[in-house]
Every structure is written in structure tokens, then in C-alpha cells.
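Student: Could you take me through the metal site of this model in close detail, and then through the packing around it?

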Amino acid sequence: MYTQAIDLPEPPGPLEAGSGPRSAQAAGAGSEAAEQERQQAFDAAIAADEKIEPQDWMPEAYRRTLVRQISQHAHSEVVGMLPEGNWITRAPSLRRKAILLAKVQDEGGHGLYLYSAAETLGVSRDEMIEALLSGKAKYSSIFNYPTLSWADMGCIGWLVDGAAIMNQIPLCRCSYGPYARAMIRICKEESFHQRQGYELMLALCRGTPAQKAMAQEALDRWWWPVVMMFGPSDAESVHSAQTMKWGIKRISNDDLRQKFVDATVPQAELLGLRIPDPDLKWNEERGHYDFGQIDWNELWRVINGDGPCNRERLETRRRAHENGAWVREAALAHARKRAARQRAA
Ligand SMILES: [Fe+2]
Ligand SMILES: [Fe+2]
């Protein structure tokens, strides 16, 4: 579903230790002149807006940044299945259940594409999963909020997937080929997610007064956490300048946030819902909506593990991983048998 520009400096861990083919190549670099030549070729490719592919040389810091960002993104997709999965058994109609099932399944697929994209950088899936389950790796703050009513399914599609699209469309032009190509496919599916959410909200807002009140109550809870999804303000973003230079990030956190607010306000008006921000108003001079102060303390609290559902989400993920152990073992045993049969033949 979503990547968040959390931009935290992280201590080097197994994911960042440079155990992959890329760094092995860098370690065996040979002469300084050869090293410089490789750096120049990389810089020229970035300047020409060409894609960097797994077999190309890349600076170690570029590789580490991508591993961190793509794995955080993959974790967000997978953990993002939990708040909505919570409502599959309670969907109010067969049609809504089928839509929600398809959407949650898409998010699982996004996680898998992204783990595969990260693996091309020389990090293993086991290492990434371990980092998630141990609490070391981050995922988007938004999935640490509870889903309390059916209208939350509408708000997540409309707003959370809507914010994801804002963030991910520029990532389709990311300098790293496998990430950019994964994003193109993912964005097409996110667009369906956003529309189904908005359509759900529209149905509630055209329904009974109680349904409309449920929609408003959900918007009241989701609005600020969604605005926070774009990450810390540009002034606080440690890695932003460098990731922009590398062509990984194309638009700053604050600019994306503004684009999102500008696009979403008219949608809320069409629904007849009130955005819970008394400072929200159109600024003729800027040609954008002004909006109120974000509670950054809340964002950091949630990112650092103390949001309403952080423990529950990780606990559920760990349990799912343990319950799936037999499937992984069976798949491995099957692959070994098949390989042995092929060798024998
Ligand atoms: Fe999505
Ligand atoms: Fe997704």
C-alpha cells in the first residue's frame, strides 16, 4: 500500500552490512582509478535519468538507502493487510466482501513484488522478515491505527490508498529499475483501491443519516494520521536531499502533502463531509489550501512503537509467520524432491 519517508538515520545492521553481490563487487574494487571510473559512470547514468540495474555498479550508500526504503515499503504493504483484513468477515454484502478480499490480496502481492525488488540488492528475504518481526525495521505509521467501523474501509481506500498514489507515482520514475517497474504495476492497483474506497464513502454519504454520521466519524479519526503519512517536514528529513540527488525521491514530503490536501478537499466537499481542520482554507495567493499544524509528537510516538496498535500488529504478524512455518518447510521439501528427481532423470 504505502511507503513512508521516515528518513531515520539507522545503525548498521545485517540489512546494511553490505553482504550482497554489489558490495562484494565494490570490495574487490581494484585500483582507485577503476573505482573513480565506476563512480563517474554511475553519476552520468543518474544525470542522464537512466535506470540503474542490479548488475550495475552502485555506491554502497545508494544500495543501503534503497534496501531500507524498499524493505520498509514491502513491510508496509504486508502489515497494511491487517487493519482491513479485520473487516473481511464483517463486510455488509457479498459485493463488498469480494472487493475487500481482492484489495487485501493485492496488498499482499505488492509486498511480494517489493521484497523481490529488494532482494536484487543482495539482501535476503529472511533478513528483511527478521528485521520486521524483531521490531527493528519500520513500516508506515498509518497501519498502527485501529479500524473501528465499516466506514474505516472507505476512509482507508479513499485516503490511505489516495496518499499512497501521490507518493508512489513519482517512484515510477525512480532511478533504480526494479523498484520503478514494481511501482508502475502497483500504482495501477492502488488506483482501483482508491476508487473502491471513495465509492464506499459515497454510498454511506448518500445513505441514512446514521451511515453519513459513521462516514464523518471515520474521516475525523483518519484525517490527521493520513496527513502524517507523508513523513516529517522537509526541514526534518535527514536523507531527503541525497535521495533527491540520486533520483530515488522526486518530490519532497511537504510538496506531496500539499498535493494530497489540494486534491482531497474537493472530494470531501462532494461527499458532503467536513475535514476536521479549522485552519483549512483556500489561499488564493499561493493557489493551494492552507492547513493546520501537524502533531509531530504523535507521528514520532507511532513511528517509535507507541501507537494505538503497534504491539498488536507485530504480534499478529509474528503469529502469522509462525503459523506459516509448515507451508515454507513443505515448499522447500517439495523443491528439494523435484530437484533430486530432475538430477536423477
Ligand atoms: Fe492499496
Ligand atoms: Fe499496496
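Tutor: What follows begins with the metal site and then turns to helix contacts, aromatic rings and a few single residues.

This is a predicted model, in which local features need pLDDT of at least 70 and side-chain atom pairs count only at pLDDT 80 or more, while totals for chains, interfaces and linings use all residues. Residues are numbered from 1 along each chain as its sequence is written, chains are lettered from A and ligands numbered from 1 in the order in which they are written, and side-chain values use heavy atoms, with hydrogens and water left out.

The iron ion (ligand 1) has as its protein donors Glu 107 (OE), Asp 161 (OD), Glu 190 (OE) and His 193 (ND1), at 1.9 to 2.2 Å; donors here are N, O and S atoms within 2.8 Å of the metal (3.2 Å for Na, K and Ca), and the site may look incomplete because water is not among the atoms. The angles among the four donor atoms run from 90 to 158 degrees, and the site is classed as irregular. That term covers whatever is neither tetrahedral (four donors, all angles between 85 and 135 degrees) nor square planar or octahedral (four or six donors respectively, opposite donors over 155 degrees apart and all others between 65 and 115). Along the chain the donors follow the spacing E-x53-D-x28-E-x2-H. Glu 107 lies in helix 5 (residues 94-119) and Asp 161 in helix 7 (residues 151-168), so this pair ties together parts that are 54 residues apart in sequence; helices are DSSP runs of H or I with at least four residues, numbered from the N terminus. Glu 107 is buried at a relative accessible area of 0%, and Asp 161 is likewise buried at 0%, where buried means under 20% relative accessible area (1.4 Å probe, protein chains only). Glu 107 also coordinates the iron ion (ligand 2), which lies 3.4 Å from the iron ion (ligand 1).

Turning to the helices, the axes of helix 8 (residues 177-205) and helix 11 (residues 253-271) come within 9 Å and cross at roughly 30 degrees, the axes being lines fitted to C-alpha atoms over the stretch in contact, with angles from 0 to 180 degrees between N-to-C directions. Helix 8 contributes Gln 194, Tyr 198, Met 201, Leu 202 and Cys 205 to this contact, and helix 11 contributes Gln 267, Leu 270 and Leu 271, contact meaning heavy atoms within 4.5 Å.

Gly 197 also lies in helix 8 and is buried, with a relative accessible area of 0%. Its C-alpha is 4.5 Å from that of Trp 158, 39 residues away in sequence, and, apart from residues up to four places away in sequence, Gly 197 touches Met 153, Gly 154, Gly 157 and Trp 158.

Among the nine aromatic pairs of the structure is that of Tyr 62 and Trp 246, which is edge-to-face, with 5.6 Å between centres and 85 degrees between planes; rings of Phe, Tyr and Trp (its six-membered ring) pair if their centres lie within 6.5 Å, and planes over 60 degrees apart count as edge-to-face. Tyr 62 lies in helix 3 (residues 60-79) and Trp 246 in the loop between helix 10 (240-245) and helix 11, so the pair ties together parts 184 residues apart in sequence. Both residues, Tyr 62 and Trp 246, are buried, and ring pairs link them with Phe 42 and Trp 57 into a cluster.

Note on methods. Helices (H or I, at least four residues) and strands (E, at least two) are DSSP runs, numbered from the N terminus. Buried means under 20% relative accessible area, exposed over 50%, partly exposed in between (1.4 Å probe, protein chains only). Rings of Phe, Tyr and Trp (its six-membered ring) pair if their centres lie within 6.5 Å; planes under 30 degrees apart count as stacked, over 60 as edge-to-face and the rest as tilted.
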